[in-house]
Amino acid sequence: MKKIITAALAAAMVLTTGAVFAAPVEFDGQVKTQYRAQTRDNEADTTGGIFSFRLNAKTALSNNVDLFARFAAQSLSGDHIGADFNKDKYGTNVVVIDQYGFILKDNGFQYKIGRQGLSISPTALLYSSEGYIGDKHGLFDGVVATGKSGVTSLQVVAGQGDIDNKDRVYSIHASYSPAKDWTVGGTVATSNPNVGSDRTYWGTDVQYATGKANFVADYLKSDEDTKNDAIVLGVSYAFDNKNTLSAYAHRTGSNSHIYTDWDPGEKGMYYIYNHAFDKTTALNLLYKDNTKKESDATANTSFRATVSYKF
């Protein structure tokens, strides 16, 4: 699969080299600073911070082919806490070009080919790596096709889901609106988390919007014998165009997913508040309260306060 993708990228570059220097390069990005505080039963409390910088670049190679890349940097401070940063590889700082590839558009579908972040299902319960920097934490090498066939929205995924373990991932998520304000969807996927051992997943999801509130239910199950299902139930309420409050309950089996942020092996609550100062600057407050459900039932909490600026 990887050889096919590499050959396709090389061919596209050769065919469109003349357009690379003719089209302007579009830039956008984000600067983010975050304070973190964590507690765990039988452990000392920890605090720290993380600073993140992302710069996205895109240029048109032809009318329907774009080249993209991302430059990113991240740094930990304080107690250097956070499972979302690969300290074993990077220490406490990383500067890297971690995403790159091509975007092809044809007949209402978009094909993103290369290394990229990936989310599958409305709550990213099956797969989530959009928020990570570096060449681990689920960054995806492959093809992600998105578009609409009739009344059905589709996402088709094929490639390598873990750069170190070479975890093959194939997924289809389909959704449609059977009535006003309702969206229902389903997911079928396979992965290869261990050499010689395939795992199959299926999931279903429902979203409903009423007034200023949006509800979501996302359920997932694998063909493993134990610890094989997960569920997220959530509601988000927009008080106005600047302030949104959300709450999510989850229970996530450690064998239920491919790569998720929903604390595998735990259950608990997430509470999130978002405030938009303007179109570029925002404040996000997150508090989560979890309990291990598959081992010793120890509890942990996390508070994160984030200020972000988009440019």
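Two residues are in contact when heavy atoms of theirs lie within 4.5 Å. The exercises below use this term on a predicted model.

**Exercise 1.** What share of the contacts in the protein chain with a separation of 6 or more comes from residues 24 or more positions apart?

Solution. Take the contacts with a separation of 6 or more; residues 24 or more positions apart account for 48% of them.

**Exercise 2.** Describe the overall build of the protein chain: how many helices and strands are there, and what does the radius of gyration say about compactness?

Solution.
- Step 1. The secondary structure comes to 2 helices and 18 strands.
- Step 2. For 311 residues the globule rule gives 19 Å, and the radius of gyration is 20 Å, close to that value, so the chain is as compact as a globular protein of that length.
- Step 3. The C-alpha trace spans about 60 × 45 × 40 Å along its principal axes.
- Step 4. Buried residues make up 41% of the 311.
- Step 5. The accessible surface is about 16000 Å², and carbon and sulfur atoms hold 57% of it.

**Exercise 3.** How many positive and negative side chains does the protein chain have, and how far apart are the centres of the two sets?

Solution. There are 31 positive and 33 negative side chains. The centres of these two sets lie 3 Å apart.

**Exercise 4.** Which strands pair with β5, and in which sense, parallel or antiparallel?

Solution.
- Step 1. Strand β5 covers residues 109-116 and pairs with β4, residues 93-106, in the antiparallel sense over 7 bridges. In this pair, Lys-105 stands opposite Gln-110 of β5.
- Step 2. The link between β4 and β5 is a hairpin with 2 residues between the strands. Asn-107, in the turn, has a positive phi of about 55 degrees.
- Step 3. β5 also pairs with β8, residues 140-149, again antiparallel and over 7 bridges. Here Ile-113 stands opposite Val-143 in β8.

**Exercise 5.** Is Leu-285 buried, partly exposed or exposed, and which residues beyond its neighbours within four places in sequence does Leu-285 contact?

Solution.
- Step 1. Leu-285 is placed in strand β17, residues 281-292.
- Step 2. Its relative accessibility is 28%. Buried requires under 20% and exposed over 50%, so Leu-285 counts as partly exposed.
- Step 3. With neighbours within four places in sequence left aside, the contacts of Leu-285 are Tyr-271, Ile-272, Tyr-273, Phe-303, Arg-304 and Ala-305.
- Step 4. Ser-121 is 164 residues from Leu-285 in sequence, and the C-alpha to C-alpha distance between the two is 23 Å.

Notes: Residues numbered from 1 in each chain as written. Predicted model: local features only at pLDDT ≥ 70, side-chain atom pairs only at ≥ 80, totals over all residues. Heavy atoms only, no water. Pairing = 2+ DSSP bridges. Helix = DSSP H or I, 4+ residues; strand = E, 2+ residues; numbered from the N terminus. Rg over C-alpha atoms; globule rule 2.2 N^0.38 Å. Buried < 20%, exposed > 50% of the residue type's maximum accessible area, 1.4 Å probe, protein only. Areas by Shrake-Rupley, 256 points an atom, 1.4 Å probe, with all protein chains shown as cover. Lys, Arg positive; Asp, Glu negative; His and termini not counted. Charge placed at Lys NZ, Arg CZ, Asp CG, Glu CD.
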